[in-house]
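Please look over the sequence and the model shown below before reading on. The report that follows takes up a few features one after another, each under its own heading.

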Amino acid sequence: MLLIHEFTDGIGGIPASHYDSRDSAVRRDKTLAQAQKKLNQANYQGEPIVLATLSHSKEAEELSKWIQRRAKKIGLNMEIIYYNFATDYYTEFLEKNADLVMLADIPMNLDEFAYIEFVSSPTLLVQRMLTPSLLEQLQYLIFLFKQTENEKDRHLIYLKIDNWLIKQNILFYTTHAVREIYVHQFLVNEGYQYDYKNAWKMPEINN
């Protein structure tokens, strides 16, 4: 089973190759021809690969169908099923029914401590998909991260964990989410920063 979050060229958003957008770089070495070669090496016999997609996310649904179309081009039989985060995610539904799982967003702040929380939580998919031996390796890397006292070394260990999970085919990255939020001009200053004092500022009355 894989947790799919891999950067795939041709889709919208900011290309992602790591959890933190500051570490992501566009990779141009991934092609359908390479995928076809790897599929041939795997002795694939046409068995269906099930991709679970969030039922309430239009973006996740569109991306899943895009991946399905790309998979078909190299002869990979991919089926899409849908799951509800509230009722299915914390059950065994995904483990029993899916080979890959599409997540729209990782529900954390974008920093290394949030990342460690994401990969160290036993209730989230990362740890739930690891074998005991892989889980032991991950926990050791997390221990090293927590023992590190300076920011530079923590960042290097975070990258080591992220690269390790990618190499183990647990995490694949697609794009970093881009959110557009409308802020009324009344609530921002010249630098387009939130300025909530305007919300209760009394208007001047000319007598």
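Does E61 count as buried, partly exposed or exposed, and at what relative accessibility? In this predicted model, E61 has a relative accessibility of 27% and therefore counts as partly exposed; its salt-bridge partner is described further on, after an outline of the whole chain.

## Overall layout

The protein is built from eight helices and six strands, and when these elements are read along the sequence they follow the pattern β-β-α-β-α-β-α-α-β-α-α-α-α-β. The chain has 207 residues, of which 38% count as buried. When contacts are restricted to residues at least 6 apart in sequence, 69% of them join residues at least 24 apart.

## Helix 7 against helix 8

Two packed helices are described by the angle between their axes and the distance between the axes. For helix 7, which covers residues 132–147, and helix 8, which covers residues 151–167, the axes come within 9 Å and cross at roughly 165°. Angles over 145 degrees count as roughly antiparallel, so helix 7 is roughly antiparallel to helix 8. The crossing of helix 7 with helix 8 is left-handed.

On the side of helix 7, the contact is made by L134, Q137, L138, L141, I142, L144 and F145, and these meet R154, I157, Y158, K160, I161 and W164 in helix 8. By residue type, the contact of helix 7 with helix 8 comprises ten nonpolar, one polar and two charged residues.

One residue of this contact can be followed in more detail. I157 is placed in helix 8 and has a relative accessibility of 16%, so it counts as buried. If its neighbours within four places in sequence are left aside, I157 is in contact with L141, L144, F145 and T148. The C-alpha atoms of I157 and K146 are separated by 9.6 Å, and these two residues are eleven places apart along the chain.

## Helix 5 and its contact with helix 8

Helix 5, which runs over residues 112–120, is mostly covered, as seven of its nine residues are buried. The buried residues are E112, A114, Y115, I116, F118, V119 and S120.

Helix 5 also packs against helix 8: the two axes come within 10 Å and cross at roughly 35°, and helix 5 passes helix 8 in a left-handed crossing. From helix 5, the residues E112, F113, Y115, I116 and V119 meet E151, R154, H155, Y158, I161, D162 and L165 in helix 8. This contact of helix 5 with helix 8 divides into seven nonpolar, one polar and four charged residues.

## Salt bridges

Side chains of opposite charge can pair when their charged atoms come close. The structure holds three salt bridges, and one of them joins the side chains of K65 and E61, with an N to O distance of 3.1 Å. K65 and E61 both belong to helix 2, which covers residues 58–73, and because they are four residues apart they are separated by about one helical turn. An α-helix has 3.6 residues a turn, so residues three or four places apart point the same way. K65 has a relative accessible area of 36% and is partly exposed, while E61 is likewise partly exposed, at 27%.

Another salt bridge brings together the side chains of K96 and E92, at 3.2 Å from N to O; K96 is exposed, with a relative accessible area of 63%. A further salt bridge is formed by E95 with R128, whose closest N and O atoms are 2.8 Å apart. The E95 and R128 pair links distant parts of the chain, since E95 lies in helix 4 (residues 93–97) and R128 in helix 6 (residues 125–128), 33 residues apart. E95 counts as partly exposed, at 30% relative accessibility.

## Positive phi values in two loops

Most residues other than glycine have a negative phi, and most peptide bonds are trans. Against that background, N43 has a positive phi of about 55° although it is not a glycine. N43 lies in the loop between helix 1 (32–41) and strand 3 (49–54), and at 54% relative accessibility it counts as exposed.

N169, which is also a residue other than glycine, has a positive phi near 60°. The loop that holds N169 runs between helix 8 and strand 6 (175–176), and N169 counts as partly exposed, at 37% relative accessibility.

Key:
Residues numbered from 1 in each chain as written. Predicted model: local features only at pLDDT ≥ 70, side-chain atom pairs only at ≥ 80, totals over all residues. Heavy atoms only, no water. Buried < 20%, exposed > 50% of the residue type's maximum accessible area, 1.4 Å probe, protein only. Axes fitted to C-alpha atoms, helices over the stretch in contact; angles between N-to-C directions. Parallel < 35°, antiparallel > 145°, perpendicular 65-115°, else oblique. Left-handed = near helix turned anticlockwise from the far one by under 90°. Contact = heavy atoms within 4.5 Å. Nonpolar A, V, L, I, M, F, W, Y, C, P; charged D, E, K, R; others polar. Salt bridge = Lys/Arg side-chain N within 4 Å of Asp/Glu carboxyl O.
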